[in-house]
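These are my notes from one sitting with the coordinates. I looked up the charged residues and the helix packing in turn.

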Amino acid sequence: MLIARGRMLVTSLSLARWRMVLQFGKPRVYAAHICSLKTREERVEALEKVPAKIRSWVKFYVEDAYVKRNIQRARENNT
């Protein structure tokens, strides 16, 4: 959902959330790095090193990437 504020369009996230993202980095960047790691132990260790304020977002993106990968693999195996 987009909200118009003056000449700016802002998503439903609060401005404080956006400031937090800009301060700590982008969660998707952390998630992309974690997804590139080979073992689960490495991924868990890397997730623990993510700043606590954005850890839940990063975890969501990583889990979502693996769900999508598994769905894609299942589709490939069914054809």
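Entry 1. Is glutamate 48 buried or exposed? I noted beforehand that the model is predicted. The relative accessible area of glutamate 48 came out at 55%, so I recorded glutamate 48 as exposed. I placed glutamate 48 in helix α3. I then took the C-alpha to C-alpha distance from glutamate 48 to lysine 59 and found 10.0 Å, for two residues that lie eleven apart in sequence.

Entry 2. I next surveyed the chain as a whole. I counted four helices and two strands in the protein chain. Read from the N terminus, the order of the elements is β-β-α-α-α-α. Of the 79 residues in the protein chain, 19% are buried. I also looked at contacts between residues at least 6 apart in sequence, and 46% of these join residues at least 24 apart.

Entry 3. How do the axes of α3 and α4 cross? I found that they come within 9 Å of each other, at an angle of roughly 155 degrees. An angle over 145 degrees counts as roughly antiparallel, and I therefore entered α3 as roughly antiparallel to α4. The crossing of this pair is right-handed. On the α3 side I listed Arg43, Leu47 and Glu48, which meet Arg55, Val58, Lys59 and Tyr66 in α4. Glutamate 48 of the opening entry thus returns here, as one of the α3 residues in this contact.

Entry 4. I turned to arginine 43, which sits in helix α3, residues 40–49. Arginine 43 is buried, yet I found no salt bridge for it. Which side chain of opposite charge is nearest to arginine 43? I identified glutamate 42, at 6.5 Å. A salt bridge requires the nitrogen and the carboxyl oxygen to be within 4 Å. Setting aside neighbours within four places in sequence, I listed Ile34, Leu37, Lys38 and Tyr66 as the contacts of arginine 43.

Entry 5. How many salt bridges does the whole structure hold? My search returned two. As background, I noted that side chains of opposite charge can pair when their charged atoms come close.

In one salt bridge, I found glutamate 45 joined to lysine 49, with 3.6 Å between the closest N and O atoms. The two residues are four apart in helix α3, and so about one helical turn separates them. Glutamate 45 is partly exposed at 45% relative accessible area, while lysine 49 is exposed at 64%.

In the other, aspartate 64 meets lysine 68 at 3.1 Å, N to O. Here too I noted a separation of four residues, within helix α4, which means about one helical turn. Aspartate 64 counts as partly exposed, at 26% relative accessibility. I recorded lysine 68 as exposed, with a relative accessible area of 55%.

Entry 6. Lastly I examined helix α2, residues 27–36, against α4. Their axes are 8 Å apart and the packing angle is about 50 degrees. I therefore described α2 and α4 as oblique to each other. From α2, the contact is made by Pro27, Arg28, Tyr30, Ala31, Ile34 and Cys35. From α4, I listed Trp57, Val58, Tyr61, Val62, Ala65 and Tyr66. The crossing of α2 and α4 is right-handed. I marked Ile34 and Tyr66, which take part in this contact, as residues that also touch arginine 43.

Definitions and conventions:
Residues numbered from 1 in each chain as written. Predicted model: local features only at pLDDT ≥ 70, side-chain atom pairs only at ≥ 80, totals over all residues. Heavy atoms only, no water. Buried < 20%, exposed > 50% of the residue type's maximum accessible area, 1.4 Å probe, protein only. Lys, Arg positive; Asp, Glu negative; His and termini not counted. Contact = heavy atoms within 4.5 Å. Axes fitted to C-alpha atoms, helices over the stretch in contact; angles between N-to-C directions. Parallel < 35°, antiparallel > 145°, perpendicular 65-115°, else oblique. Left-handed = near helix turned anticlockwise from the far one by under 90°.
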